[in-house]
Amino acid sequence: MRNKAPLTGYSLIFLGAAFIIADADALFNMYYLHYVSIVVGMVILLAYYLTTRSEKNLLCRIGFHKFEHVGWDNEVPFRLIYRCQRCEYVKRVIRSSGGGGM
Ligand SMILES: [Zn+2]
């Protein structure tokens, strides 16, 4: 049932945010229940990422990589290559506005 953890976490955060936006205390007198929902959701997500990912750096495990631009992809035009300074994780991003124009 591990795969349900992220969904549960995001659902709780979304629900809490929705209640805040809808100003639910006026209707249900829920006090701080929506904040609890968000906090619990974030804790579930963090626990999930910390236990399932293998990056050494804790920030990297929860998705906060420290990317630096290391070059351009040779295969695809306008595709930038970023690498994390901490865990060497590489991501490639296609820049939609491929220059030109001006
Ligand atoms: Zn990283």
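Two strands count as a pair here if DSSP finds at least two bridges between them. With that in hand, here are the close-ups; keep in mind that the model is predicted.

**Figure 1. The whole chain, with four helices and three strands.**
Starting at the N terminus, the elements come in the order α-α-α-α-β-β-β. Of the 102 residues in the protein chain, 10% are buried. Take the contacts in the chain with a separation of 6 or more: 33% of them link residues 24 or more positions apart.

**Figure 2. The stretch that UniProt marks as a transmembrane region, residues 32-51.**
The label comes from an unreviewed UniProt entry. In the model, residues 32-51 are 95% helix and 0% strand. The C-alpha atoms at the two ends of this stretch sit 29 Å apart. Helix α3 takes in residues 33-52, 20 residues in total. From the first C-alpha of α3 to its last is 28 Å, close to the 28 Å expected at 1.5 Å a residue.

**Figure 3. Two sides of helix α3, one with buried residues and the other with exposed ones.**
Which residues of α3 are buried? They are His 34, Ser 37, Gly 41, Ile 44 and Leu 45. These residues cover an arc of only 95° around the axis, so they lie on the same side of α3. Part of what covers the buried residues of α3 is helix α1, residues 4-21. Swing round to the other side of α3 and you meet Val 43, Leu 50 and Thr 51, which are exposed.

**Figure 4. The open sheet, made of three strands in the order β1-β2-β3.**
Pairing in this sheet is antiparallel. Why is one side of β1 and of β3 left without a neighbour in the sheet? Both strands stand at the edges and each has a single partner strand, so there is nothing in the sheet to flank that side. Averaged over the sheet and with direction ignored, neighbouring strands are turned by 35° against each other. Strand β1, residues 67-72, is hardly covered, and the count of buried residues among its six residues is zero.

**Figure 5. The pairing of β1 with β2, antiparallel over five bridges.**
Strand β2 spans residues 79-84. Look for Phe 67, which stands opposite Cys 84 in β2. Another rung to pick out is His 69, whose bridge partner in β2 is Tyr 82.

**Figure 6. The pairing of β2 with β3, again with five bridges.**
These two strands run antiparallel, and β3 covers residues 90-94. Leu 80 stands opposite Val 93 in β3. Ile 81, for its part, faces Arg 92 in β3.

**Figure 7. Phe 78, a residue with positive phi in the β1-β2 hairpin.**
Six residues lie between the strands of this hairpin, and Phe 78 is found in that loop between β1 and β2. Most residues other than glycine have a negative phi. Phe 78 is not a glycine, yet its phi is positive, near 65°. Is Phe 78 buried or partly exposed? A residue is buried from 20 or more C-beta neighbours within 10 Å and exposed at 12 or fewer. Phe 78 has 14 inside 10 Å, so it counts as partly exposed.

**Figure 8. Glu 88, a residue with positive phi in the β2-β3 hairpin.**
The hairpin of β2 and β3 has five residues between its strands, and Glu 88 lies in this loop. What is the phi of Glu 88? It is near 70°, a positive value in a residue other than glycine. Glu 88 has 10 other C-beta atoms within 10 Å, so Glu 88 is exposed.

How values were computed. Residues are numbered from 1 along each chain as its sequence is written. This is a predicted model: local features need pLDDT of at least 70, side-chain atom pairs count only at pLDDT 80 or more; totals for chains, interfaces and linings use all residues. UniProt positions are given in the numbering used here, feature names are shortened, and annotations may be inferred rather than shown by experiment. Two residues are in contact if their C-beta atoms, placed from the backbone, lie within 7 Å. Axes are lines fitted to C-alpha atoms, for helices over the stretch in contact, and angles run from 0 to 180 degrees between N-to-C directions. The expected span of a helix is 1.5 Å times one less than its number of residues. The arc is that of the directions from the helix axis to the C-beta atoms.
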